[in-house]
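Student: Could we go through this one together, question by question? I have the sequence and the model open.

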Amino acid sequence: MKVAKKLNLEAADRAFATANTPLFLVRKLRADNATASIAASNSSREIFQELRAVLSTKATDFRTSVMPYVLLVALSLKSDNELLNKTADLPAPNHSWFKYCSEYLIESFQSNSIHHVMPKSKVTKRPTKRSNRTNAIVINRV
Amino acid sequence: MAISSRRILLARQALALQTRFANDIANEFNPTKPHQGDLLTCQKLLADYPSAQVRTLGPSYGYNCHGLTFASRRTQVSSSSEVQHILTEDGYDIVSIDNALPGDIVIYRAPETGEFEHSGIVVERKRDLSGPKVVSKWGASQEFVHYYMACPYAPADVTFHRMQK
């Protein structure tokens, strides 16, 4: 994966070091350039595979502790609902906030997704009573 | 009588922590020892807030800010709803920044989400535009004494609270 080695992850380290709550960490990582850069330069499948790999290793410092969260947030930026949903099932015994963050991001993704739900309709035009200059568009539900 | 030995907890565990109404507060004591290199991150952090004073030796996972404020530094309380629970059931009242006194607590809420991202205890009342000084724990980092807005949690919606009886 083209990820992390060349990236400046100092802001992510600091976000992890100062996070008292999981959502603070998510908020900071969402605003971090390194996270955006990972999302921009890797496919969602590559990020997911890297995520699975780092979750299976024990965190030894702030950097290795924050990496799963960096990758999770990067994945959430990819708009790949299928792989994001799979993160909730990944075992993360060494990262106590991971499941909570994953579920939060899945829920946010779903509530922010645009669903195109169009009722069956027939669009017609007719002159309005108030003005002769414009025509109103009337949608007749059928 | 002197304390003869110091026992060390080795496993993650929740402590018995309750509100005044005897309702449980979710918490987790994490005994993980921070890596030596993490101190460097904390030192860089301090460089961003030169007016802050470090109060503890190094980073620790044992407690966080809410654990300092509401559990005497014994454990981590990471859920915003648990903090709300404590504020309500322990009977905290809001006080204005001008009336905040040492011993009052300060709560930082994220403007976007309303989440309780940080808390601390007032240690010095407001003297000038910098506002009161606060002691607080910055996540897994260290404890700092700092002006209430000179910390990584600003900008935030800040409120001061006092338990009056």
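Student: Which residues of α1(A) are buried?

Tutor: Quick ground rules: this is a predicted model, where local features need pLDDT of at least 70, side-chain atom pairs count only at pLDDT 80 or more, and totals for chains, interfaces and linings use all residues. Residues are numbered from 1 along each chain as its sequence is written, chains are lettered from A and ligands numbered from 1 in the order written, and side-chain values use heavy atoms, with hydrogens and water left out. Buried means under 20% relative accessible area, with exposed over 50% and partly exposed in between (1.4 Å probe, protein chains only). On that scale the buried residues of α1(A) are A12(A), D13(A), R14(A), A15(A), F16(A), A17(A) and T18(A).

Student: Why does α1(A) count as largely enclosed, and what covers its buried residues?

Tutor: Helices here are DSSP runs of H or I with at least four residues, strands are E runs of at least two, and both are numbered from the N terminus. In α1(A), 7 of the 9 residues are buried, so the rest of the structure largely encloses this helix. The cover over those buried residues includes α2 and α5 of chain A together with α1 of chain B.

Student: How many residues on each side are in contact between chain A and chain B?

Tutor: Contact means heavy atoms within 4.5 Å. By that rule, 22 residues of chain A touch 31 residues of chain B.

Student: Which three residues supply the most of the area that chain A buries against chain B?

Tutor: Buried area is the accessible area (1.4 Å probe) that two parts lose on being put together, summed over both. Chain A and chain B bury about 1,900 Å² between them, 50% of it on carbon and sulfur atoms. The trio that supplies 34% of chain A's share, more than any other three residues, is R14(A), N20(A) and F62(A).

Student: How many salt bridges cross the interface, and which residues meet at 3.0 Å?

Tutor: A salt bridge is a side-chain nitrogen of Lys or Arg within 4 Å of a carboxyl oxygen of Asp or Glu. The rule finds 4 of them across the interface of chain A and chain B. The pair that meets at 3.0 Å, N to O, is K44(B) and E10(A).

Student: And which element gives the most to chain A's side of that interface?

Tutor: The elements that give two or more residues to the side of chain A that touches chain B are α1 (10-18), α2 (22-30) and α5 (62-76) of chain A. With 6 residues, the one that gives the most is α1(A).

Student: Let's move inside chain A. Is T87(A) buried or exposed?

Tutor: T87(A) lies in helix α6 (residues 81-87) of chain A. Its contacts beyond four places in sequence include F48(A), L72(A), F98(A) and I106(A). Since its relative accessibility is 0%, T87(A) counts as buried.

Student: What does the side chain of T87(A) make a polar contact with?

Tutor: A polar contact is a pair of N or O atoms within 3.5 Å; within protein, one must be able to donate a hydrogen and the other to accept it, and residues adjacent in sequence count only if both atoms are side-chain atoms. The T87(A) side chain reaches the backbone oxygen of L84(A) at 2.5 Å. Its side-chain partner, at 2.9 Å, is S102(A).

Student: On to chain B: how far from C65(B) is the nearest cysteine sulfur?

Tutor: A disulfide is a pair of cysteine sulfur atoms within 2.5 Å, and a search of the whole structure finds 0 over all chains. C65(B) is buried, at 0% relative accessibility, and C151(B) is buried too, at 2%. The sulfur nearest to that of C65(B) belongs to C151(B), and the distance is 9.9 Å.

Student: Which peptide bond is cis, and where is P155(B)?

Tutor: Most peptide bonds are trans. The one from A154(B) to P155(B) is cis, with omega near 0 degrees. P155(B) sits in the loop between β6 (143-147) and β7 (157-163) of chain B.

Student: What is the phi of R73(B)?

Tutor: Most residues other than glycine have a negative phi. R73(B), in the loop between α2 (65-71) and α3 (80-89) of chain B, is partly exposed, with a relative accessible area of 33%. Although R73(B) is not a glycine, its phi is positive, at about 65 degrees.
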